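Reader: I should like to go through this model with you. Could we begin with the packing?

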Amino acid sequence: MSSYKRDVRILLVGDEKVGKTSLILSLVSEEFAEEVPARAEEITIPADVTPEHVPTCIVDYSAQDQEEIVLQEELRKASVICIVYSVVDEDSIQRLTSYWLPYLRYTLGDDHRTPVILVGNKVDLTDIQTLESILPIMNDFGEVETCVECSARTLKNISEVFYYAQKAVLHPTAPVYNPDEKELTPQAKKALTRIFRICDLDNDNVLSDEEINLFQMKCFNSPLHPQALEDVKSIVRKNVTDGVNDGITLKGFLFLHTLFIQKGRHETTWSVLRKFGYDDNLQLTTEYLSPKLFVGLGSTTELTAEGYQFLVRLFDKYDEDRDGFLSPTELQNLFSTCPIMPWGPDVNNTVCTNADGWISLNGYLAQWTLTTLLDMNRAIEYLAYLGFNYQQESQLTAIHVTRDKKIDLEKRQTGRNVFRCHVMGAKSVGKTAFLQGLLQRNLRYVATLNRQNLSNFTINTVQVYGQDKYLMLHEVDLVMCEMLTPTELDCDVACLVYDVTNPQSFEFCARMYLKHFIDCKIPTLIVASKAEYPEVRQDYELTPAQFCSRFKLPPPQRFTCIDKVNHDVYIKLATMAAYPNLKRLVHMLLVHQRPLWLEERLRHIKGLFQSSPNTYLQVGIGLAVAAALGFAIYKFVHTSSTPRR
């Protein structure tokens, strides 16, 4: 993804009679014009005939023909400014520092970044070179990129003048190199260090021959010849201590780019910088960080297989002790190519970790899945920071936009792998414990957590008919529950939690269901938390079981997590989310708790089946089992389909 300028605007200024117009005419016609107008008309050179393959506009200025205000406007529009002087006119040389360069600073600001080329014309009239007298000027005025001596009459170095002008725009020196210190600027070192870390695929702080060749292919579309690579290493060894250690170290990598710039090969360093998304100010471009991706209403965003593969490789790269977890130091190193650490301390209570709070591979992938679902733009941006674009054309290949949920309902199937569950309940009913239970954490563990670092989200994989799906739980704020709009309420399944020991807690669940879910297609499950305690009667006109029966909801699911977490409830939530169109029947069958009489009969029949050696008796018992189950299902379906009273 290129960040090259779309065009270059070259402005020629200077004293009268120094040959500005002649230079332009000689470039265009390739011959010297004896009769020259006061000012040349603006000329545009097509991209296909310029060395850098960008359209170039050349603008002349004449004090005779134009007012000063026009000059100031042109200075502000110019990509590069060529100040022309005559090598045989000492006054025009003196005016470079007494008038023109100060005037540019006056107009554009003392710290302007517009590059300047000093052009000494009329070298055909003398054998004396002026470059020695120009060098101090270049040292005093950092905006001066270079000086070129030429002749409009003999055409000497005419093409070079405009080539260097283009180059000064497309491959500027100021952002990457400090001529006074003779070293890279801090911004350039920072950018190149990030690039080195991305290219160091095995995280051994050295670019191996294989990694260097991959780098060459990505940046320059051709591998480096083995002998050329050895020559490069030899140059680094001679000039930099610890620059080579089998491969090229960061120290050697930075030296090479310093050498490129000192040798006038700015384009090499800029090709690398632009490949990795940097603009002329060494900032990552918006196009590189945030390519546009349309997500329609009703659709969600998930990671693709390519996205997960990249993230797994990144995890393995920085899991230095190979223990399957990222320590705080390893996590910090992983995000070292990013401007800030994107994850706060709450991430440890959002995904699975070990006892020390170190994120596991599954937890790490789950957090990325969560970010992609909730904040796709942030996920795309950080994939770019981490170097996804080095291995793929664009980070958009890491993102999959799911189809509209309405289509899923029409097709009676979904291809989604990430389901969003809103968890609602009155205060202190156990929502935090329920969220943490998804991470297999019991109540005793939750009691040890720092509540300031608790998250309103948790996410983990659950199995739906043998397939791993991500279930994300979102604890909706109590105040927000009363104010939710249909858009804010958008989720795949809703979970309403009440406390079996608190007689006022179920009323909240009933009110939320009647307000938000009774007329929508969002599957809803009511969960009875703290089920290890005896259930008290709720202060509501219907018991929770009666309420669920009346509104054809699955019966309340008992949840406890004092020691062992009841994980079945999360599977039920994920399954309901995966099959929302079947909620009135399948969901009830899925979570229905079989009556005790049926459990006892089934156990009795099973015992007969196992104890009898007679084949015919076994067949008869099997048929009886099938008949009993068929009758139970018929009775359940018939009851479920009774119209609401």
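**Packing around one helix**

Author: Apart from neighbours within four places in sequence, Ile 195 is in contact (heavy atoms within 4.5 Å) with Phe 215, Phe 253, Val 272, Leu 273, Phe 276 and Tyr 278. This is a predicted model, in which local features need pLDDT of at least 70, side-chain atom pairs count only at pLDDT 80 or more, and totals for chains, interfaces and linings use all residues. Residues are numbered from 1 along each chain as its sequence is written, and side-chain values use heavy atoms, with hydrogens and water left out.

Reader: How many residues of H10 are buried?

Author: Seven of the 10 residues in helix H10 (266–275) are buried, that is, under 20% relative accessible area with a 1.4 Å probe, protein chains only. Helices here are DSSP runs of H or I, at least four residues, numbered from the N terminus. Among the buried ones are Trp 270, Val 272, Leu 273 and Arg 274.

Reader: And what covers the buried residues of H10?

Author: The cover includes helices H5 (158–170), H6 (186–199), H7 (209–220) and H9 (250–262).

Reader: Which residue follows H10?

Author: Gly 277 follows H10, and its phi is positive, near 95°.

Reader: Turning to Asp 280, where does it lie, and is it buried or exposed?

Author: Asp 280 lies in the loop between H10 and helix H11 (286–289). Asp 280 is buried, with a relative accessible area of 15%.

Reader: Which side chain does Asp 280 join through a polar contact?

Author: The side chain of Arg 274, at 2.6 Å; a polar contact is a pair of N or O atoms within 3.5 Å, and within protein one must be able to donate a hydrogen and the other to accept it, while residues adjacent in sequence count only if both atoms are side-chain atoms.

Methods:
Buried < 20%, exposed > 50% of the residue type's maximum accessible area, 1.4 Å probe, protein only. Helix = DSSP H or I, 4+ residues; strand = E, 2+ residues; numbered from the N terminus.
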